[in-house]
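Subject: Structure handover

Hello,

Here is the structure I promised to pass on. Please open it first, then read the notes below.

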There are 2 protein chains.
Amino acid sequence: MATTDKPTDTEYGKEVPPPQQPPTSGGRALLQWRPAVLDLSNIDVVLRSLLFAASVVAIVVIVTSNQTELVPNPFTRRLEYRKAEFNHSPAFIYFVVAFSVAGLYSIITTLASISVILKPNYRLKFTLHFLFWDALILGVVASATGAAGAVAYVGLKGNNHVGWVKVCNRYDKYCRHLAGSLAVALFASIVVVLLIWLSSINLHRRIPK
Amino acid sequence: MATTDKPTDTEYGKEVPPPQQPPTSGGRALLQWRPAVLDLSNIDVVLRSLLFAASVVAIVVIVTSNQTELVPNPFTRRLEYRKAEFNHSPAFIYFVVAFSVAGLYSIITTLASISVILKPNYRLKFTLHFLFWDALILGVVASATGAAGAVAYVGLKGNNHVGWVKVCNRYDKYCRHLAGSLAVALFASIVVVLLIWLSSINLHRRIPK
């Protein structure tokens, strides 16, 4: 038994690479570098930071949309200086509130996501909580984008059936700000969808096949 | 040895219950009844059916909101019979399209969810796909609800800043239909959030601690 085992052992031995030294701390960090960058947690932090940036930009752009123009009073038809502000429409107020919530939420979850990278033991719990809250925030952000977009569209095109006049032919800067803010808001909604997808993949990857 | 073993055997024998017959198919089904009802897959089917019902109701109620009233023409101010229809506003058209998509999606996923109950091996794959698509549908449904709600709010309250007159004081049935449809749409959005939560829990439960 020992003689038959011996040659087999050495035959396999030829294929075996020379025994490696245990990697040093620096070497291990270098080996783990690529997976760490491609890790889903890092993408999560990046997306949450993007959500924060997009929320801030959307709010700032819509809040700074004030414009004063010489336009006819809608009731008396006399020309007068009238100001267009975002808070003249409840939909835009809801938009600002919703993206304030989303911005605050993104700060908290970016910090939470960074803490998960530092302490990966808590990742499972955090991922489930992220999924729960991301779904709620997606509902809030998407409905706010829809609401502001619908009112902005009425402002752009008017509605002849009920006699709602368009306002964007007079308030050009105001409507440019609205359009910019809505574009960023749409981007933010897509980021939240991506965050939900990422968390789902994160959970799915941890299930043994 | 044989004499010392014999009494011990009979002593233990007293404690042993009489041998049970193998349970029949009906008995086994009865034993498995409670876990099956509490299974998350069944809740998933129920929620997806609810989403289908809510989508159909939301569409039917908004499509049947036609109302003709004797109202002043918004431009000439002369009294005439004017019809209010959902397709006078692009936001309501988007609303109907979005909930048509959600209704169709809910039919497909209800069938898929039932097939998962019949063949549980595919549950993992399906749950991940459900999460992906549910997130998209949530975005569509929530934005449609927001858009229709914002335009309906302008119709209800008007907007004095830009001279958009209210219409709900004249078209009462039209606005009641809109309000009903929006309430059902809000319910549908909540159902989609619950579906995302359910799929997340479903994935999370399958990860070994």
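The notes below cover the two chains, their interface and the UniProt annotations.

Please keep in mind that this is a predicted model.

**How the copies are arranged**

Start with the symmetry. A turn of 180° and a shift of 0.0 Å along the axis lay chain B on chain A, with an RMSD of 0.0 Å. The two copies are therefore related as by a two-fold rotation axis. Both copies use the same surface: 100% of the contact residues of chain B recur in chain A.

**The interface**

How many residues of chain B are in contact with chain A? There are 43, and they meet 43 residues of chain A. The area buried between the two chains is about 3,900 Å². Carbon and sulfur atoms give 77% of that area.

Salt bridges between chain B and chain A number 0. Polar contacts do occur: the rule finds 8 residue pairs across the interface, both residues at pLDDT 80 or more.

Which helices of chain B supply at least two residues each to the side that touches chain A? They are helix 5 (90-118), helix 6 (123-157) and helix 7 (172-205). Helix 6 of chain B gives the largest share, 17 residues. By residue type, the side of chain B that touches chain A divides into 28 nonpolar, 12 polar and 3 charged.

**What UniProt says about chain A**

The record is an unreviewed entry. It places the feature "domain: Casparian strip membrane protein" at residues 41-191 of chain A. In the model, that span is 71% helix and 8% strand. Its end C-alpha atoms lie 15 Å apart.

UniProt also lists "transmembrane region" for residues 45-65, 91-118, 130-156 and 176-199 of chain A, again from an unreviewed entry. Two of these spans can be described from the model. Residues 91-118 of chain A are 100% helix and 0% strand, with end C-alpha atoms 40 Å apart. Residues 130-156 of chain A are also 100% helix and 0% strand. The end C-alpha atoms of residues 130-156 are 37 Å apart.

Best wishes

Notes: Residues numbered from 1 in each chain as written. Chains lettered and ligands numbered in written order. Predicted model: local features only at pLDDT ≥ 70, side-chain atom pairs only at ≥ 80, totals over all residues. Heavy atoms only, no water. Contact = heavy atoms within 4.5 Å. Buried area = accessible area lost by both parts, 1.4 Å probe. Salt bridge = Lys/Arg side-chain N within 4 Å of Asp/Glu carboxyl O. Polar contact = N/O pair within 3.5 Å; in protein donor to acceptor, adjacent residues only side chain to side chain. Helix = DSSP H or I, 4+ residues; strand = E, 2+ residues; numbered from the N terminus. Nonpolar A, V, L, I, M, F, W, Y, C, P; charged D, E, K, R; others polar. Least-squares fit on C-alpha atoms with pLDDT ≥ 70 in both. UniProt positions renumbered as here; feature names shortened; annotations may be inferred.
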